[in-house]
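Grab your viewer and work through a few helix-packing exercises. Each one comes with a solution you can follow step by step.

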Amino acid sequence: MSKRWNVIFLVCSPYKFYGAHSGALYGRAEVMSKIDVPKLDPASNEIPERMETGTQNHEGIVGAGAAVDFLASLADGATRRERLVRAISALHATGDTLVTRLWNGLAAIPGVRCYGPPPGRPRTPTIAFAIAGVPCREAAQALAAEAVFVTNGNFYAVDVLERLGQTAGGLLRAGCACYATAIEVDRLLSGVERLAAR
């Protein structure tokens, strides 16, 4: 993948693909070996160990590996890479279908406003939205009582919410994960419709 993308550095959080709360860094060996890294003796000067600031996060490493194996288990193929490519492609297609259904359904409800790029543009299958006259925390609690789970708040994006005029109560956020179904999207839409009609 890195060769095809011509990537020098790639940084990600494995929890974004069902892994542990940790960080992962890929860097080209020729670049990583030249970076001046502050470290203590007897820390290794060889890559990749030279980039570690102390004891490695072993549980995070195992969790990230398990997440990759989980994703690879969602498709068939001769190699783990092949299974991952097929699984991610299928999840992307399913996510696009579900997020389109969710976006269009929310946008059709009077008083509901969706934020972010609409379907058909590059995006994750997650939508931030607000219901006019219903505080986000109250809406999340009401939906949870119906076994529909959304998150609410500022999502550590205070500047963005300020620009959107949503600093007082934040936003609601619903995502279409690898296990989400159209039935669950419809349950969410029904719950939001009831809240918006109050």
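Angles under 35 degrees count as roughly parallel, over 145 as roughly antiparallel, 65 to 115 as roughly perpendicular, and the rest as oblique. This is a predicted model, where local features need pLDDT of at least 70, side-chain atom pairs count only at pLDDT 80 or more, and totals for chains, interfaces and linings use all residues. Residues are numbered from 1 along each chain as its sequence is written, and side-chain values use heavy atoms, with hydrogens and water left out.

**Exercise 1.** Work out what helix 4 (residues 80-107) should span at 1.5 Å a residue, and check it against its end C-alpha atoms.

Step 1: helices are DSSP runs (H or I, at least four residues), numbered from the N terminus. Step 2: the expected span is 1.5 Å times one less than the number of residues, so the 28 residues of helix 4 should cover 40 Å. Step 3: the end C-alpha atoms sit 39 Å apart, which agrees.

**Exercise 2.** Find which residues of helix 4 are buried, and what they pack against.

Step 1: buried means under 20% relative accessible area (1.4 Å probe, protein chains only). A87, G95, L98, V99, L102, W103, G105 and L106 of helix 4 qualify. Step 2: contact means heavy atoms within 4.5 Å. The buried residues of helix 4 pack against several elements, including helix 3 (58-72) and helix 7 (182-196). Step 3: look from the other side, where the buried residues of helix 3 (G60, G63, A64, A67, L71 and A72) pack against helix 4.

**Exercise 3.** Classify how helix 4 and helix 7 are oriented to each other.

Step 1: fit axes to C-alpha atoms over the stretch in contact, with angles running from 0 to 180 degrees between N-to-C directions. The two axes come within 10 Å and cross at roughly 15°. Step 2: helix 4 and helix 7 are therefore roughly parallel. Step 3: list the contact, with L98, R101, L102, G105 and L106 from helix 4 meeting A182, V185, D186, L188, L189 and V192 from helix 7.

**Exercise 4.** Do the orientation of helix 5 (residues 136-144) against helix 7.

Step 1: these axes come within 10 Å and cross at roughly 130°. Step 2: that makes helix 5 oblique to helix 7. Step 3: A139, A142 and L143 in helix 5 touch L188, G191, V192 and L195 in helix 7.

Key. Helices (H or I, at least four residues) and strands (E, at least two) are DSSP runs, numbered from the N terminus. Buried means under 20% relative accessible area, exposed over 50%, partly exposed in between (1.4 Å probe, protein chains only).
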